[in-house]
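Let's take a relaxed walk through this one, starting with the whole chain and then zooming in on a few residues.

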Amino acid sequence: MNIGGIDIPPSAIAWKFVRSRGPGGQNVNKVATAVECRLSLKETGMDPGVCERLKALAASRLTAAGDIVIFADTHRTQQRNREAALERLGALIEHARRVPKRRIPTVPGAGAKARRRDDKRRRAGVKELRGRLRPSDDI
């Protein structure tokens, strides 16, 4: 099964269907349409770098056992909720597959440093003029 551009064995995904919450009349009370999708990271065979980024992205959806749990209950049918859960899982995996660009720290140039010092001197001069007059100063 290809999810988010990675081939994942079907045994790595567990499905659980539960009753949905919220308004919906008797249908909510009778039919288990909400879906809980559980992806076992140990069984996926993913690249370790992708797996670590996926764990960081999943955050609150990650269990202590190393499973990612996605709950979908927005639609009225099991099939649509299942598709929605797979879509969200795919987006998460796709995002984790992208290697972030390494940040190169920059250093301010000589001109920027000079402008900063000039501005500091100018502000200091303005603030100095706001002070009390000394007795030696002539008005």
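## Contacts along the chain

Take the contacts in the chain between residues at least 6 apart in sequence: 62% of them join residues at least 24 apart. Keep in mind that what you're looking at is a predicted model.

## Overall shape

How does the radius of gyration of the chain stand against that of a compact globule of 139 residues? The globule would come in near 14 Å, while the chain has 29 Å. Put a box around the C-alpha atoms along the principal axes, and the box is roughly 90 × 40 × 25 Å.

## Helices and strands

The chain has five helices and five strands. Starting at the N terminus, you'd read the elements off as β-β-β-α-β-α-α-β-α-α.

## Surface and charge

Of the chain's 139 residues, 27% count as buried. The accessible surface adds up to about 10,400 Å², and carbon and sulfur atoms hold 52% of that.

As for charges, the chain carries 30 positive and 15 negative ones. Average the positions of each kind, and the two mean positions end up 3 Å apart.

## The cysteines

How many disulfides does the structure hold? The count is zero. For Cys 37, the reason is distance: the closest cysteine sulfur, in Cys 51, is 15 Å from its own, and that's too far for a bond. The cut-off for a disulfide is a pair of cysteine sulfur atoms within 2.5 Å. Seen from the other side, Cys 51 is in no disulfide either, with the sulfur of Cys 37 as its nearest cysteine sulfur at 15 Å.

Are these cysteines buried or exposed? Cys 37 is buried, with a relative accessible area of 1%. Cys 51 counts as buried too, at 13% relative accessibility, because the limit for buried is under 20%.

## A look at Arg 88

Where does Arg 88 sit? You'll find Arg 88 in helix 4, which covers residues 78–97. Arg 88 has a relative accessible area of 38%, so it is partly exposed.

Leaving out residues up to four places away in sequence, Arg 88 touches Ile 70, Phe 71 and Ala 72. Take Ala 72 as an example: Arg 88 and Ala 72 are 16 residues apart in sequence, and their C-alpha atoms are 9.1 Å apart in space.

Methods: Residues are numbered from 1 along each chain as its sequence is written. This is a predicted model: local features need pLDDT of at least 70, side-chain atom pairs count only at pLDDT 80 or more; totals for chains, interfaces and linings use all residues. Side-chain values use heavy atoms; hydrogens and water are left out. Helices (H or I, at least four residues) and strands (E, at least two) are DSSP runs, numbered from the N terminus. The radius of gyration is taken over C-alpha atoms; the globule rule is 2.2 Å times the number of residues to the power 0.38. Buried means under 20% relative accessible area, exposed over 50%, partly exposed in between (1.4 Å probe, protein chains only). Contact means heavy atoms within 4.5 Å. Accessible areas come from the Shrake-Rupley method with a 1.4 Å probe; for residues, only the protein chains shown count as cover. Lys and Arg count as positive and Asp and Glu as negative; His and the chain ends are not counted. The place of a charge is taken as NZ of Lys, CZ of Arg, CG of Asp or CD of Glu.
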